[in-house]
Amino acid sequence: MYTLEDICALVYIREVRAILRGRFVADSLRGVSANAGIVVDDGVIADVGGFDDVARDAGTSTVRTYDGILCPALINAHTHLELSALHRDRFHHTDFVDWVIKLVDTRASMSSEDMRPDCVHAKQEAEENGTGYFLNVGNDFELNNSLGDNQLFAFEQIGINDSSAEKIFNRSSGLALRKEGTSTALAVHAPYSVSPRLMKAIKSFNNRRGSMTSVHLAETEDEVEFVKSGTGRMMDLLNYRVGKWEFKPSGVSPVKYLDSLGILDQKTLCVHCVCVDEEDVNIIKDRGSAVAVCVRSNLELSGKVPPVGTFLRQGVKILIGTDSRASSPDLNMFAELGAFYSRFHDIMDPRPVFAAATSDAAETIGIGNCYGNIDRGRKASIVYVPFEGKREDVFEYLVSSPDATKVTVEA
Ligand SMILES: [Zn+2]
């Protein structure tokens with residue numbers, strides 16, 4: 001067996017015409033191919049297939065042999081890189097609101113430059129551990145945008161009062177418009193912290209640009225109570241953070257509330273959805289929204305996990321994220337997959353679990369032409385996982401990585 005340090009190594013290939021020869025090549029669409037080759041040319045996958053075939057067609061190339069699995073790098077569908085300096089061990093808390101208050105206070109005491117080294121380091125470490133792309137939610141526009149191209153930076157907005165919506169939106173959309181393409185979007189923090197007017201403005205802005213709208217949704221019972229009745233612990237949070245605030249109780253669940261505002265559609269990513277019922281999930285399914293599950297963060301902050309069985313039964317698309325280091329031990333997506341699969345192996349097969357962190361995530365986020373599969377024209381963002389087992393066990397192995405927090409990386 002391999003040691004913890006051998007679990008996987010990320011291979012970012014930049015050289016011209018290399019053939020990666022894997023005992024197995026696996027992706028969720030193609031399945032598992034034995035003795036396969038991936039031709040990489042200048043950072044892009046030029047060909048993939050049986051090793052002998054691609055080697056013949058590729059002509060003179062450097063061959064690198066990997067005695068294990070080559071697979072696409074993983075996609076982290078929900079994280080906050082900017083919180084990497086704020087490790088969860090610093091935030092012993094009595095409940096979710098207590099955690100938020102401590103986190104926000106500590107963050108407010110730090111400058112962008114204070115936070116930057118840990119952001120850079122955490123992202124690099126996550127990449128070395130097998131993550132190729134991040135849906136990165138954050139409040140610091142310059143810091144997050146400086147962290148590289150392999151992310152959708154979701155510029156998160158907060159503002160519970162409708163009276164402030166226009167000012168907040170004008171400022172944030174003005175900044176986002178400075179960035180070309182769809183690598184920067186706006187994000188809704190949560191139904192208990194963003195006013196209806198601001199939510200709608202963000203959603204229509206993103207839709208016009210073809211970007212995903214990410215929103216923390218139904219993360220705790222406190223949120224459900226507040227959205228429905230306007231009471232409970234979330235009032236303490238708003239009193240502490242905002243002072244004068246207004247919120248009209250919706251009388252319904254957070255999912256139904258967002259749906260009533262037109263926020264849920266195929267370009268919406270509902271993050272967490274721990275406290276949802278069958279009707280909520282049915283709405284998410286009908287609107288074509290996806291859910292980002294962050295098991296380790298949910299267990300830390302609420303002691304519960306989302307009803308993945310209901311998601312599956314209703315056909316809701318599931319993605320997987322680590323959330324931030326402020327609620328998760330690390331940003332290692334193989335460890336996150338392991339945590340997910342160990343909880344849900346009775347109801348979900350390994351291959352769709354792997355798809356949740358690769359091809360399904362890429363398609364949902366809109367980066368399927370670059371990430372998520374081993375295919376011609378995709379970026380050569382490829383992971384190597386040492387593996388001695390049989391072909392039929394490849395996907396199970398990929399999603400059962402209990403030791404993946406301690407990987408080392410080959411150059
Ligand atoms: Zn989050």
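Tutor: Let us start with a term: in this predicted model, a helix is a DSSP run of H or I that holds at least four residues, and helices are numbered from the N terminus. Just after one such run, helix α3, G130 takes a positive phi of about 115°.

Student: What makes residues 112-128 long enough to be called a helix, and what span does α3 reach?

Tutor: Helix α3 has 17 residues, and a helix needs at least four, so the run meets that requirement. From its first C-alpha to its last it reaches 24 Å, which is close to the 24 Å expected at 1.5 Å a residue.

Student: Which residues of α3 are called buried, and what does that word require?

Tutor: A residue is buried if 20 or more other C-beta atoms lie within 10 Å of its own. In α3, the residues that count as buried are M115, C119, A122, K123, A126 and E127. By the cut-off for that word, each of these six therefore has 20 or more other C-beta atoms within 10 Å of its own.

Student: Why is strand β2 said to pair with strand β3?

Tutor: Two strands pair if DSSP finds at least two bridges between them. Nine bridges join β2 to β3 (residues 31-41), so the requirement is met, and the two strands run antiparallel. One of the partners is V40 in β3, which bridges to A18, and a hairpin of three residues joins β2 to β3.

Student: In which sense does β2 pair with β5, and how many bridges are there?

Tutor: β2 and β5 (residues 62-72) pair in the parallel sense over seven bridges, with V25 standing opposite L70 in β5. β2 itself, residues 18-27, is mostly covered, since eight of its ten residues are buried.

Student: Why is the largest nonpolar core said to lie between the domains?

Tutor: This core has 124 residues, and I38, V291 and L398 touch the most other members. Both domain 1 (4-72 + 372-406) and domain 2 (74-331) give residues to this core, so it lies between them. The C-alpha centres of the two domains lie 33 Å apart.

Student: Why is the protein chain called as compact as a globular protein of its length?

Tutor: The chain has 16 helices and 14 strands. Its radius of gyration is 21 Å, close to the 22 Å that the globule rule gives for 411 residues, so it is as compact as a globular protein of that length. Of these residues, 53% count as buried.

How values were computed: Residues numbered from 1 in each chain as written. Predicted model: local features only at pLDDT ≥ 70, side-chain atom pairs only at ≥ 80, totals over all residues. Core = buried A, V, L, I, M, F, W, Y, C linked by C-beta atoms within 7 Å. Buried ≥ 20, exposed ≤ 12 C-beta atoms within 10 Å, placed from the backbone. Domains from an automatic or database assignment. Expected span 1.5 Å × (residues − 1). Rg over C-alpha atoms; globule rule 2.2 N^0.38 Å.
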